[in-house]
Amino acid sequence: TGYNVNQVVNGIESLENYYKTQGFAKAKTEEKIVSSNKDGVDIIIFINEGKKYYFGEYGIVNNIPNFKGLEGEEVKKLISFKEGEGFNIAEIQRTKYNISDILQKEGYLSSKVQEEYEYDEMQNKVNIKFIITETKRMYIGKINFFGNLKTNDEVIRREFILSEGDIYDTSKIRRSMQRIRNLDIFGDVQLKEEQISEDKVNINIFVEEGRTISADVALGYDFGSDFSITLKLNESNLFGTGI
């Protein structure tokens, strides 16, 4: 096949990351094209794995003023590795995700978590700092509903856990959206955010009203007479109340 730069780059990154999950924190790869012809190219990938490292000390540098949610014993629950374990970059990424999840639940949507390594070559350990960038907490502005031509706004609003003015909590947003979908009166439910200021986001919920009428058909037969048909219509969103 033809030479595909993206495939080669992705392959090299995957190989390098594999070694970094096995303790080789400084593993480096390099590609070299050894031949090229009309049918494609031959590539040799060299890897310098280096020596094996282990996790050393860790810490979290919190640059968000007045935020105390990353202190004390709770921090240990966010760290997915222990000192002395073999270095594994996957555990670094998992820890960053755990920290980011806490930040987003507290309304710090745009905050980033970056890792910083310090190598102890004498003990073959890697000390790690997780650095949190400063950012502002986000709050919910207005909660707007679109597409509910028949269904009352209140039907949707009562399923939304958060209210206008609350701290933006990603986990509660997800649960709210699932509660709206569970009403089973909409064909589709989508959420779009609109940042209206430095610390405020409007929530716009778009729904697609589906069919809410179902029919029950009953066939009957009396001896000596014709068949009878009974049709019963069931409305699951009567008068737009969601019931």
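**Exercise 1. Find the residue that caps the N-terminal end of helix α3, and describe the helix that follows.**

Solution. Start at N88, which caps the N-terminal end of α3 in this predicted model. One of the side-chain oxygens of N88 sits 2.9 Å from the backbone nitrogen of A90.

Next, follow the helix along. α3 covers residues 89–105, which makes 17 residues. From first C-alpha to last, α3 reaches 25 Å, close to the 24 Å expected at 1.5 Å a residue.

Finish just past the helix: there G107 takes a positive phi of about 95°.

**Exercise 2. Is I89 buried or exposed, and which residues does I89 touch?**

Solution. First, place the residue: I89 is in helix α3.

Second, check the accessibility. I89 has 15% relative accessibility, and buried means under 20%, so I89 counts as buried. I89 has company in α3, where the buried residues also include E91, I92, T95 and K96.

Third, look for partners. Leaving out residues up to four places away in sequence, I89 touches N17, K20, T21 and Y117.

Finally, try a distance. I89 and Q22 are 67 residues apart along the chain, yet their C-alpha atoms are separated by 8.5 Å.

**Exercise 3. Take N124 and D184: where does each lie, and how exposed is each?**

Solution. Begin with the background: most residues other than glycine have a negative phi.

Now N124. This residue is not a glycine, but has a positive phi of about 55°. N124 lies in the loop between β4 (113–120) and β5 (125–132). With a relative accessible area of 25%, N124 is partly exposed.

Then D184. Here phi is positive too, at about 65°, and again the residue is not a glycine. Look for D184 in the loop between α5 (170–181) and β7 (186–197). D184 has a relative accessible area of 64%; exposed means over 50%, so D184 is exposed.

**Exercise 4. In which order do the strands of the open three-stranded sheet run, and which are its edge strands?**

Solution. Write down the order: β6-β8-β7, with mixed pairing. The edges are β6 (139–146) and β7, since each pairs on one side only. Going from one strand to the next, the twist averages 20°.

Now zoom in on one pair. β6 and β8 (residues 200–209) run in the parallel sense and pair over six bridges. Within this part, I143 stands opposite I203 in β8.

Last, add the helix. α5 packs on the sheet and touches β6, β7 and β8. The direction of α5 makes about 150° with that of β7.

Methods
Residues are numbered from 1 along each chain as its sequence is written. This is a predicted model: local features need pLDDT of at least 70, side-chain atom pairs count only at pLDDT 80 or more; totals for chains, interfaces and linings use all residues. Side-chain values use heavy atoms; hydrogens and water are left out. Helices (H or I, at least four residues) and strands (E, at least two) are DSSP runs, numbered from the N terminus. The expected span of a helix is 1.5 Å times one less than its number of residues. Buried means under 20% relative accessible area, exposed over 50%, partly exposed in between (1.4 Å probe, protein chains only). A polar contact is a pair of N or O atoms within 3.5 Å; within protein, one must be able to donate a hydrogen and the other to accept it, and residues adjacent in sequence count only if both atoms are side-chain atoms. Contact means heavy atoms within 4.5 Å. Two strands pair if DSSP finds at least two bridges between them. Axes are lines fitted to C-alpha atoms, for helices over the stretch in contact, and angles run from 0 to 180 degrees between N-to-C directions.
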